[in-house]
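Visitor: I've never looked at this one before. Could you walk me through how to read it?

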Amino acid sequence: MGGNIRIDPWSSSQSTDYQRIIDQFGLESINSDNLPNPSMLHRRKIVFAHRDLDVIMRAKSKGNSFGVLTGLMPSGRMHLGHKMVIDQVRWFQELGADVTIAVADLEAHATRGLSLEKCRKNALDEYISNYAAMGLDPEKTKIYFQSNRPIVQRIGFTLGKKTNLSEMEAIYGFNGETNLAHIQAPLVQVGDIVHPMLDEYGGLRPIVVPVGIDQDPHIRLTRGLTSKSNWFNLKYGKNGGINISLSVQDENSSLMGINSDGKLNRGVRENLFSEISTNLSSIGFSDLIKNPKHGTLGIPSATVADYDDVKSVLLKLERKMGGLGLLQPASTYHKFAVGMTGDKMSSSKPNTTIFLTDDFKAIEKKIKSAFSGGKNTIEEHRLHGGNPDIDVAYQYLMYFFEEEDEALRELNEGYRSGKILAGEMKQICIDRATEWMQEHQELKQQNSHLVGNYLS
Ligand code: TRP
């Protein structure tokens with residue numbers, strides 16, 4: 001396979017060449033040995049890549065606050081794929097993150113034609129009612145509706161100034177036929193992702209967004225726009241240290257000491273530099289190489305370990321001066337479980353997945369008719385073994401229902417060796433899925449009184 005991979009959040013087909021995706025889009029691999037208390041999704045490399053997850057982990061180890069954000073489209077029904085995201089959110093919550101969840105009702109309204117009332121009802125009945133059962137702490141989880149939080153649209157609009165159609169085309173493959181709602185929705189999503197950093201919504205702190213790999217275009221867009229919006233750029237120096245340079249933009253040029261005729265206003269620039277110096281000395285840096293005329297300032301003694309603090313000081317200064325002061329969001333990426341029919345999992349194709357409202361009969365039926373990696377006859381299967389990598393029942397045990405690595409390994413080996421038959425694997429999956437669902441439904445009942453607490 002040659003050429004470039006395109007990732008399209010709206011497409012029904014996706015590349016599964018994960019190493020190439022990592023290389024092409026500059027993601028970093030996740031090594032679960034380096035994570036505190038890795039979940040089964042990390043241990044099995046289902047959550048396989050990230051951007052800036054180290055920023056989150058450093059915040060955690062310093063005892064600083066950090067947040068996690070995700071969003072849901074309130075147009076379908078909650079299925080196992082959605083559960084996987086909430087499992088990751090809960091993992092971050094257990095590490096100490098505060099949680100924000102966006103209900104993308106504007107997006108669903110614009111792209112799927114649902115009324116906002118219908119979106120609200122659907123979000124509550126189909127999604128939020130499951131969260132308490134899945135262990136999200138209502139005290140530390142805030143769920144909002146896009147239509148109720150105008151700030152997310154405003155940010156989309158403000159940051160939208162820093163992109164253009166060509167870039168949207170390059171990121172998303174848009175063209176002249178593209179519906180304008182599809183251009184606006186990602187900008188509102190940018191607003192969703194960055195707004196928890198604003199002072200009114202928790203203040204400046206790193207935010208991580210766990211997503212399926214198909215959503216990376218949104219993350220790339222958001223990271224690009226936040227860094228373009230920053231008033232102070234940071235770079236490591238060639239010979240060590242950290243270099244700061246001013247990013248002069250329409251909205252800050254006079255504050256940056258540029259007169260309307262484009263000439264340097266030395267007085268303003270000098271004052272800005274002493275303001276920067278004062279702020280840097282508050283975190284222990286006094287030895288600075290200043291070049292106000294060029295708008296650059298070097299901190300020769302700063303190291304990798306100081307980067308986050310320097311960044312934070314400058315973002316706070318930007319805010320004080322009237323800028324947004326946004327940190328690039330971090331992200332983690334998960335692979336997709338195969339759809340049960342062999343197609344992609346999709347709310348609109350009920351047989352491709354298990355919904356959290358499916359009854360036991362429906363679950364059994366779906367697993368029984370799922371795509372199998374077994375051989376055609378028992379004799380052949382015993383002789384050559386099955387292929388768990390394409391066997392839906394095994395894959396669903398791996399992604400969702402079998403927590404114990406050792407038990408999973410035995411299933412894998414048993415299947416490959418021919419000891420476990422395809423029908424037996426399906427039965428094991430049915431049993432475990434039913435157990436999980438039973439417990440989930442019980443917890444959902446027990447915790448239903450907590451649902452209102454999530455809404456802000
Ligand atoms: N667009 C996402 C979807 O189709 C929903 C969404 C809206 C979202 N805002 C978000 C996802 C912010 C992650 C982060 O499912």
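Guide: Sure. One idea to start with: two strands pair if DSSP finds at least two bridges between them. Keep in mind, too, that this is a predicted model.

Visitor: In β8, what is the bridge partner of Phe232?

Guide: Look for Leu246, which is the partner of Phe232 in β8. Strands β7 (residues 232-236) and β8 (residues 242-246) run antiparallel and pair over five bridges.

Visitor: How many residues sit between β7 and β8?

Guide: Five, and the two strands form a hairpin. Check Gly240 in the turn, where phi is positive, at about 90°.

Visitor: Now the ligand. Where does the ligand sit?

Guide: In the largest pocket. To read a binding site, list the residues around the molecule, then ask which elements they come from. Here the shell includes Leu69, Met73, Ala104, Ile193 and Val209. Both β3 (67-72) and α9 (180-194) supply at least two shell residues, and α9 gives the most, with three.

Visitor: How does the shell divide into nonpolar, polar and charged residues?

Guide: Five are nonpolar, three polar and two charged.

Visitor: Which side chains have an N or O atom facing a ligand nitrogen at a short listed distance?

Guide: A polar contact is a pair of N or O atoms within 3.5 Å. In the side chain of Glu107, an N or O atom is 3.1 Å from a ligand nitrogen. For Gln189 the distance is 2.8 Å, and a polar side-chain atom of Asp192 also lies 2.8 Å from a nitrogen of the ligand.

Visitor: How much of the ligand does the protein bury?

Guide: Taken alone, the ligand exposes 360 Å², and the protein buries 86% of that.

Conventions: Residues are numbered from 1 along each chain as its sequence is written. This is a predicted model: local features need pLDDT of at least 70, side-chain atom pairs count only at pLDDT 80 or more; totals for chains, interfaces and linings use all residues. Side-chain values use heavy atoms; hydrogens and water are left out. A residue is near a molecule or strand if one of its heavy atoms lies within 4 Å of it. A polar contact is a pair of N or O atoms within 3.5 Å; within protein, one must be able to donate a hydrogen and the other to accept it, and residues adjacent in sequence count only if both atoms are side-chain atoms. Accessible areas come from the Shrake-Rupley method with a 1.4 Å probe; for residues, only the protein chains shown count as cover. On a 1 Å grid over the protein atoms alone, a cavity is a set of points where a 1.4 Å probe fits but cannot get out, and a pocket is an open set with protein on both sides within 12 Å along at least five of seven lines; lining residues have an atom within 4 Å of a point. A molecule sits in a cavity or pocket if more than half of its atoms lie within 2 Å of its grid points. Helices (H or I, at least four residues) and strands (E, at least two) are DSSP runs, numbered from the N terminus. Ala, Val, Leu, Ile, Met, Phe, Trp, Tyr, Cys and Pro count as nonpolar, Asp, Glu, Lys and Arg as charged, and the others, Gly among them, as polar.
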